[in-house]
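The exercises below ask the reader to work from single residues and pockets towards a picture of their surroundings. Each task sentence is followed by a solution that goes step by step.

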Amino acid sequence: MPEKKIIAVMGATGAQGGGLVRAILADRTGQFLARAITRKPESEKGQALAKAGAEVVAGDADDPSSLERAFAGAYGAFCVTNFWEHLSTEREGAQATAMARASRRAGVQHVVWSTLEDTRRTVPLDDARLPTLQGRYKVPHFDAKGEADRVFAEEGAPTTYLLAAFYWENFIYFGSGPRKGPDGNLVLALPLGGAKLPGIAAEDIGKCAYGLFRRGTGTVGQRFGIAGEVLSGPEMAANMGRALGRKITFENVPFDVYRGLGFPGAEDIGNMFQFQAILGDEFVRSRDPERARSLNPELLSFDAWLRANAARVPVA
Ligand SMILES: NC(=O)c1ccc[n+]([C@@H]2O[C@H](COP(=O)([O-])OP(=O)(O)OC[C@H]3O[C@@H](n4cnc5c(N)ncnc54)[C@H](OP(=O)(O)O)[C@@H]3O)[C@@H](O)[C@H]2O)c1
C-alpha cells in the first residue's frame, strides 16, 4: 500500500480546518493523514483531535518559523486565517504570507487557501455606494484575504483558492438568529437588499477542501466558490420557521442601519452584505452548490442543516 500523505491543517481546532481534519480521519482507507496545527496542542480541542487520530503539532501564524516546522514533510496544506480574532487586515495579511512562504519552503505540493474576494476589484475605493473603511478597504475581512491571493501566487505555492460562503452557524453563534418582534412573532432580520444569500454548513467547507485534495494538483490556480444552498431572506425565514415550529418572517435591514449597529466589525459586515447585493446574480453564481457537491457529496441543504441544528438556534 502506498505511504499516506500528510495534510497540514491550519485552523484545525476551528470550523473550517476542523471539518477538514474530521473528513480526513473519517476516510480510513483514504490516501491522507491529518496533521492538526494549533497554537495550543495541550488545549481540550487539541487533545480531542489527537484522541480522534490526528497528529497534533504546535504552530502559530504570527510566528513564521513555527509554521515552517509545522509544514515540514507535508504533501498538502490547508491555510485559513481568523480575521475576527483581531480585526486587523495587516495581521491577516502577514499570517497569510507566513503560510504561503512556509508552504513553499516546506515543498508542499498542494495548498488550499481559504480566501474571499478583494471587493475593490468590482467596487473601487472611489465608488461611493460602499463607504471606504480604514482608508483603503471596502470589506476589510474580504479584501485582506483577496489581497493575499497574490502572495500565494508570488511565493510559487501551488494553490487552489477556496471561497467559502456565509456560515449558517452565524444563526447560532453570531447573533444573526431570529428575534421576537413587537407582536411576539419571530423576525429574521438581515441586510440582504433583496439579494439571495449563498450559505453553507461550516463543516462542509472542510469537507469541500478534502474533495480538492482528493482531486489532486490539477486544481492548482483555480478558484472554487462553494455554498450548500442559495436562498432568499423570506425562504430562510420560512425554512427556519418550519424547523422551529414557529412563525418567522423576514425583515430586510437597510445597509446603513446595519453598519451603524456598533458591534466590532458591523461596518465591515454591512458593506459585505451590500457588496453581495451590488453583485447580485454574479455573487450568487460565484458560490455554486453543484460544484460544492461535486467535491463533497454529503453537502447539506439548509433544511438538512436545520434538522441537525435548529435546537441550537437561540430565539431571543
Ligand atoms: N462566519 C462566516 O460566515 C464566514 C464565512 C466565510 C469565511 N469566514 C472566514 O473564516 C475565518 C475563520 O475560520 P473558522 O471559522 O474556521 O475559524 P474559527 O472556528 O473561529 O477558529 C479559528 C481557528 O484559527 C486558528 N488560529 C487563529 N489564530 C491563529 C494563529 N495565530 N496561528 C495558528 N492558528 C490560529 C485557531 O487555532 P488555535 O486557537 O487552536 O491556535 C482556530 O483553529 C475568518 O477569517 C472569516 O473571515 C467566515
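Helices and strands are here DSSP runs numbered from the N terminus, a helix being H or I over at least four residues and a strand being E over at least two. The model is predicted.

**Exercise 1.** Which element gives the largest share of the lining of the second largest pocket, and how many residues does that share hold?

Solution. Begin with the pocket itself, which holds about 320 Å³ of space. Its lining is made up of 16 residues, and those closest to the centre are Gly175, Arg179, Ala189, Tyr258 and Leu261. Next, look for elements that give two or more residues to this lining, which are strand 9 (186–190) and helix 9 (255–259). Strand 9 provides the largest share, with three residues. Finally, sorting the lining by class gives 10 nonpolar, four polar and two charged residues.

**Exercise 2.** Decide whether His141 is buried or exposed, and then describe its surroundings.

Solution. First place the residue: His141 belongs to helix 5, which spans residues 140–154. Its relative accessible area is 6%, and because buried means under 20%, His141 is buried. Then turn to its neighbours: leaving out residues up to four places away in sequence, His141 touches Phe83, Trp84, Glu92, Leu116, Asp268 and Met272. With one of these, Asp268, there is a side-chain to side-chain polar contact of 2.6 Å. As a last step, compare sequence with space for another pair: His141 and Arg285 are 144 residues apart in sequence, while their C-alpha atoms are 21 Å apart.

**Exercise 3.** What lies around the side chain of Lys145, and is this residue buried or exposed?

Solution. Lys145 also lies in helix 5, and at a relative accessibility of 8% it counts as buried. A polar atom of its side chain lies 3.0 Å from the backbone oxygen of His141. Beyond residues up to four places away in sequence, Lys145 touches Thr81, Phe83, Glu92, Trp113, Ser114, Thr115 and Leu116. Comparing this list with that of His141, one finds Phe83, Glu92 and Leu116 in both.

**Exercise 4.** Which residues come nearest to the ligand, and which polar atoms lie beside it?

Solution. Of the 29 residues around the ligand, Thr13, Gln16, Thr38, Thr81 and Tyr167 come nearest. For the polar atoms, take the backbone first: an N or O atom of Gly14 is 3.0 Å from a ligand oxygen atom. Then take the side chains: an N or O atom of Asp60 lies 2.9 Å from a nitrogen atom of the ligand, and a polar atom of Trp84 lies 3.4 Å from an oxygen atom of the ligand.

**Exercise 5.** Where is Asp27, and which residues is it in contact with?

Solution. Asp27 sits in the loop between helix 1 (15–26) and strand 2 (32–38). Although placed in a loop, Asp27 is buried, with a relative accessible area of 18%. Setting aside neighbours within four places in sequence, its contacts are Tyr210 and Arg214.

**Exercise 6.** Where are Leu87 and Gln134, and what is phi near in each?

Solution. Most residues other than glycine have a negative phi. Leu87, in the loop between strand 4 (76–79) and helix 4 (89–106), has a positive phi near 60 degrees, and at 34% relative accessibility it counts as partly exposed. Gln134, in the loop between strand 5 (110–115) and helix 5, has a positive phi near 55 degrees.

Conventions: Residues are numbered from 1 along each chain as its sequence is written. This is a predicted model: local features need pLDDT of at least 70, side-chain atom pairs count only at pLDDT 80 or more; totals for chains, interfaces and linings use all residues. Side-chain values use heavy atoms; hydrogens and water are left out. On a 1 Å grid over the protein atoms alone, a cavity is a set of points where a 1.4 Å probe fits but cannot get out, and a pocket is an open set with protein on both sides within 12 Å along at least five of seven lines; lining residues have an atom within 4 Å of a point. Grid points are joined across faces, edges and corners, and a volume is the space filled by probe spheres set on the points. Ala, Val, Leu, Ile, Met, Phe, Trp, Tyr, Cys and Pro count as nonpolar, Asp, Glu, Lys and Arg as charged, and the others, Gly among them, as polar. Buried means under 20% relative accessible area, exposed over 50%, partly exposed in between (1.4 Å probe, protein chains only). A polar contact is a pair of N or O atoms within 3.5 Å; within protein, one must be able to donate a hydrogen and the other to accept it, and residues adjacent in sequence count only if both atoms are side-chain atoms. Contact means heavy atoms within 4.5 Å. A residue is near a molecule or strand if one of its heavy atoms lies within 4 Å of it.
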